[in-house]
Amino acid sequence: MESNSIEFTELCRECDVLWITTTPKNQIQALGKLEKTQTKIILDKPIATNTREIALVEELIHNSECKIYLSQP
């Protein structure tokens with residue numbers, strides 16, 4: 001994701017809603033790249049596998065300009 005982060009962010013800006021379904025580490029990376037967009041984001045579970053990841057997700061949610069939701073069954 002690092003080498004294509006600009007393309008990723010630009011492509012995602014064209015979407016109204018993004019559903020991120022990948023590992024917690026990748027979800028955190030994607031959320032970090034999208035936090036300044038106006039996109040609605042749905043995070044798939046699990047959103048974290050340890051307390052460090054939970055803290056990162058909480059920080060990203062608090063600093064984000066997008067609306068973030070947790071997927072539900």
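This is a short chat about the sheet, the core and a few buried residues of a predicted model.

Me: How are the strands ordered in the sheet, and is the pairing parallel or antiparallel?
Reply: The order is β1-β2-β3, in an open sheet of three strands, and the pairing is parallel.

Me: Which strands stand at the edges?
Reply: β1 (17-20) and β3 (67-70) do. Each has a single partner strand, so one side of each is left without a neighbour in the sheet.

Me: How much are neighbouring strands turned against each other?
Reply: By 20 degrees on average, with direction ignored.

Me: How many bridges join β2 to β3?
Reply: Four bridges link β2 (residues 40-43) to β3, and the two run parallel. One of the pairs is Lys-40 with Lys-67 in β3.

Me: And on the other side, how many bridges pair β1 with β2?
Reply: Also four, again in the parallel sense. Val-17 has Lys-40 as its bridge partner in β2. So Lys-40 is a bridge partner of both Val-17 and Lys-67.

Me: What does the chain pass through between β1 and β2, and is the crossover right-handed or left-handed?
Reply: The chain goes through α2, and this β-α-β crossover is right-handed.

Me: Which residues of β1 are on the covered face, and which on the uncovered one?
Reply: Leu-18 and Ile-20 make up the covered face. Val-17 and Trp-19 are on the uncovered face.

Me: What is Ile-20 in contact with?
Reply: Leaving aside neighbours within four places in sequence, Ile-20 contacts Gln-27, Ala-30, Leu-34, Ile-41, Ile-42, Leu-43 and Asp-44.

Me: Core next. How many residues are in the largest nonpolar core?
Reply: The largest nonpolar core has 12 residues. Leu-18 and Ile-20 are among them, as are Ile-41, Leu-43, Val-57 and Leu-60.

Me: Which elements supply at least two residues each?
Reply: β1, α2, β2 and α3.

Me: Which gives the most?
Reply: α2, with four residues.

Me: Back to Leu-60. Where is it, and is it buried or exposed?
Reply: Leu-60 is in helix α3 (residues 51-63). The residue is buried, with a relative accessible area of 13%; the cut-off for buried is under 20%.

Me: Which residues does Leu-60 contact, leaving aside those within four places in sequence?
Reply: Ile-28, Leu-31, Gly-32 and Glu-35. Leu-31 is 29 residues from Leu-60 in sequence, yet their C-alpha atoms are 7.1 Å apart.

Me: Changing topic: where is Thr-39, and what is its relative accessible area?
Reply: Thr-39 sits in the loop between α2 (24-34) and β2. Its relative accessible area is 3%, so Thr-39 counts as buried.

Me: What does Thr-39 touch?
Reply: Not counting residues up to four places away in sequence, Thr-39 touches Cys-12, Arg-13, Cys-15, Asp-16, Val-17, Leu-18, Cys-66 and Lys-67.

Me: Which residue makes a side-chain polar contact with Thr-39?
Reply: Thr-37, and the contact between the two side chains is 3.3 Å.

Me: Last one, Ser-64. Where is it, and is it buried or exposed?
Reply: Ser-64 lies in the loop between α3 and β3. With a relative accessible area of 15%, Ser-64 is buried.

Me: What lies 3.0 Å from a polar atom of the Ser-64 side chain?
Reply: The backbone nitrogen of Cys-66. Cys-66 is also one of the residues of the largest nonpolar core, and Thr-39 touches Cys-66 too.

Technical notes. Residues are numbered from 1 along each chain as its sequence is written. This is a predicted model: local features need pLDDT of at least 70, side-chain atom pairs count only at pLDDT 80 or more; totals for chains, interfaces and linings use all residues. Side-chain values use heavy atoms; hydrogens and water are left out. Buried means under 20% relative accessible area, exposed over 50%, partly exposed in between (1.4 Å probe, protein chains only). Contact means heavy atoms within 4.5 Å. Two strands pair if DSSP finds at least two bridges between them. Axes are lines fitted to C-alpha atoms, for helices over the stretch in contact, and angles run from 0 to 180 degrees between N-to-C directions. A polar contact is a pair of N or O atoms within 3.5 Å; within protein, one must be able to donate a hydrogen and the other to accept it, and residues adjacent in sequence count only if both atoms are side-chain atoms. A nonpolar core is a set of buried Ala, Val, Leu, Ile, Met, Phe, Trp, Tyr and Cys residues joined through side-chain atoms within 4.5 Å. A crossover is right-handed if, with the strands pointing away from the viewer, the path from the first strand over the helix to the second runs clockwise.
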